[in-house]
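Work through these exercises with the model open beside you. Try each task before reading its solution.

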Amino acid sequence: MKVYSVKDLLVKDLLLQEVNVKGWVRTFRSNRFIALNDGSTIHNIQCVVDFEDTPEDVLKRITTGAALHIRGTLVESSGKGQTVEIQVKQLDVLGDSHPDEYPIQPKKHSLEFLREKAHLRTRTNTFGAVMRVRSALSFAVHRYFQHNGFNYVNTPIITGSDAEGAGEMFRVTALDAKNPPLNDDGSVNYKEDFFGKETNLTVSGQLEAEAYAMSLGKVYTFGPTFRAENSNTSRHLAEFWMIEPEVAFMDLDGNMDLAEDFIKYVVRYILEHCKDDLEFLEKRLLDEEKTKPKNERSDMALTEKLHFVLDNNFKRVSYTEAIDILKNCKPNKKKKFQYIIEEWGADLQSEHERYLVEKHFKCPVILFDYPAKIKAFYMRLNDDGKTVRAMDILFPGIGEIVGGSQREERYDVLLEKVKAMGIDEKELWWYLDLRKYGTAIHSGFGLGFERLVLFATGMTNIRDVIPFPRTPQSAEF
């Protein structure tokens, strides 16, 4: 007999049919009413047990967290809170859950506590909803690119290059940590290591994606990236996922068009396919906001924020214009910003980005043409010699969510920038080669997937939107 998901039982017309369902007990009331959930939906199905006809030793095993197999008839419910319920005919306990030890009891737990129980936290409504939205967003990402002619490329996780130039990378080595081979000058001899050179976990798949874009035309990567940044904030992870499209023959304007269209597509997808979870997450966020001082509360509810992105054209503003706006705005003049904007060339902080989006333009913003000195070496230098064809997309509540650029396609200019930044050109010989053999204008962007999930779910800590967070001093599970 077919096993139905709870979601199917609640939405399909199966009234008065014999059904089979398996799931975990959320609550068991009055020795009669089981709230069963299998993860397919935020909603539970009520299963009504005839306790007079059920052995007492079985009833005692129906505890929160226990796994059950239930067979019975789906009927209309006369009680509040559900439209249908199962009149149980047969019940099997598949896995017991000790009531005194099970940590996810039907009461409110702090997010900090649940991070310590990451293996069980998706049995709560909040984390079940977050991870279903994450899954839907992930599917929407692939769907968008596949429907628009992009090829999916798996770029290396182990790399010898540092795309960001940040130097904060995790080393990959097979050498004996206590007794590594040394050069005459006392430095570690990586020629004797597994790969014959110093290697690290990647911070980005962009450079390799560029190589594939210059032959396949339109490509994207969607994979794990790593930063050894000793940053214990609510916005940083040591391991996270990046979406990185690269397109040949596309300039910065085309890149901005692509990024806006892509973001609107994935936001529209979850609004259409995750209604129940978003409704729950919106209510959760409203309840959380009530505990905050008024000046710290969000101006918009969760779905309102998603529609803010979906229904508005993204305003395109040069970095230079943005600096003028910020220099002359009230929070800057009254020194309300933590970082005061004093001159052109400042690296914008989240507070500045959010002011532009939420207060000044009141729509998503794309900033472009940044100072070359605060951007990466691979970004195309403008004719003014001081700005590059970079772009960042800014969202309400989060600031920067996308960073991208038109890539430097001129061999001589790129080589000069590589040398000026002290990067070993021998390490990037293949990247420079792309500019020697059929070079062309090309562009791309990077979107930190967890930032997108954070925005889409209304969660406030990035550790709560990835299944098993990796942060400084923490690699549990």
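**Exercise 1. Helix 12 and its surroundings**

Find the residue with positive phi that follows helix 12, then work out how the helix is placed.

*Solution.*
- Start at the end of the helix. Gly422 follows helix 12, and its phi is positive, near 70°. Keep in mind that this is a predicted model.
- Now list the buried positions of helix 12 (residues 411-420). They are Leu414, Leu415, Lys417 and Val418.
- Look down the helix axis. The buried residues fall within an arc of 165°, so they line one face of helix 12.
- Residues three or four places apart point the same way, because an α-helix has 3.6 residues a turn.
- Turn to the face pointing away from the buried side. Asp412, Glu416, Lys419 and Ala420 are exposed there.
- Finally, identify the cover. Strand 15 (387-395) and helix 13 (429-433) are among the elements over the buried residues of helix 12.

**Exercise 2. The loop before helix 12**

Describe the setting of Glu408, then that of Glu409.

*Solution.*
- Place Glu408. The loop between strand 16 (399-406) and helix 12 holds this residue.
- Check its accessibility. Glu408 has 0% relative accessibility and counts as buried.
- Look for a polar partner. The side chains of Glu408 and Arg410 make a polar contact of 2.7 Å.
- Look further along the chain. Beyond four places in sequence, the contacts of Glu408 include Tyr378, Arg380, Leu414 and Arg435.
- Move to Glu409. A salt bridge links Glu409 to Arg380, with the closest N and O atoms 2.9 Å apart.
- Locate both ends. Glu409 is in the loop between strand 16 and helix 12, and Arg380 is in the loop between strand 14 and strand 15, so the pair ties together parts 29 residues apart in sequence.
- Compare with the 20% cut-off for burial. Glu409 is buried at 9% relative accessible area, and Arg380 is buried at 15%.

**Exercise 3. Two salt bridges**

Is each partner buried, partly exposed or exposed in the bridges Asp464 to Arg121 and Asp287 to Lys283?

*Solution.*
- Take Asp464 and Arg121. Their side chains form a salt bridge of 3.4 Å, N to O.
- Place the two ends. Asp464 lies in the segment after helix 14 (449-457) and Arg121 in the loop between helix 3 (111-115) and helix 4 (125-147), so the bridge ties together parts 343 residues apart in sequence.
- Both Asp464 and Arg121 are buried.
- Take Asp287 and Lys283. Their closest N and O atoms are 3.2 Å apart in a salt bridge.
- These two are four residues apart in helix 7 (residues 275-289), which means about one helical turn separates Asp287 and Lys283.
- Asp287 is partly exposed at 34% relative accessible area. Lys283 is exposed at 51%.

**Exercise 4. Strand 14**

Which strands pair with strand 14, and in which sense?

*Solution.*
- Begin with strand 13 (residues 315-318). It pairs with strand 14 in the parallel sense, over four bridges. Arg316 has Ile366 as its bridge partner in strand 14.
- Next comes strand 15. Strand 14 and strand 15 pair in the antiparallel sense, over six bridges. Val365 stands opposite Leu394 in strand 15.
- Check burial. Seven of the seven residues of strand 14 (residues 365-371) are buried, so the strand is largely enclosed by the rest of the structure.

Methods: Residues are numbered from 1 along each chain as its sequence is written. This is a predicted model: local features need pLDDT of at least 70, side-chain atom pairs count only at pLDDT 80 or more; totals for chains, interfaces and linings use all residues. Side-chain values use heavy atoms; hydrogens and water are left out. Buried means under 20% relative accessible area, exposed over 50%, partly exposed in between (1.4 Å probe, protein chains only). The arc is that of the directions from the helix axis to the C-beta atoms. Contact means heavy atoms within 4.5 Å. Two strands pair if DSSP finds at least two bridges between them. A polar contact is a pair of N or O atoms within 3.5 Å; within protein, one must be able to donate a hydrogen and the other to accept it, and residues adjacent in sequence count only if both atoms are side-chain atoms. A salt bridge is a side-chain nitrogen of Lys or Arg within 4 Å of a carboxyl oxygen of Asp or Glu.
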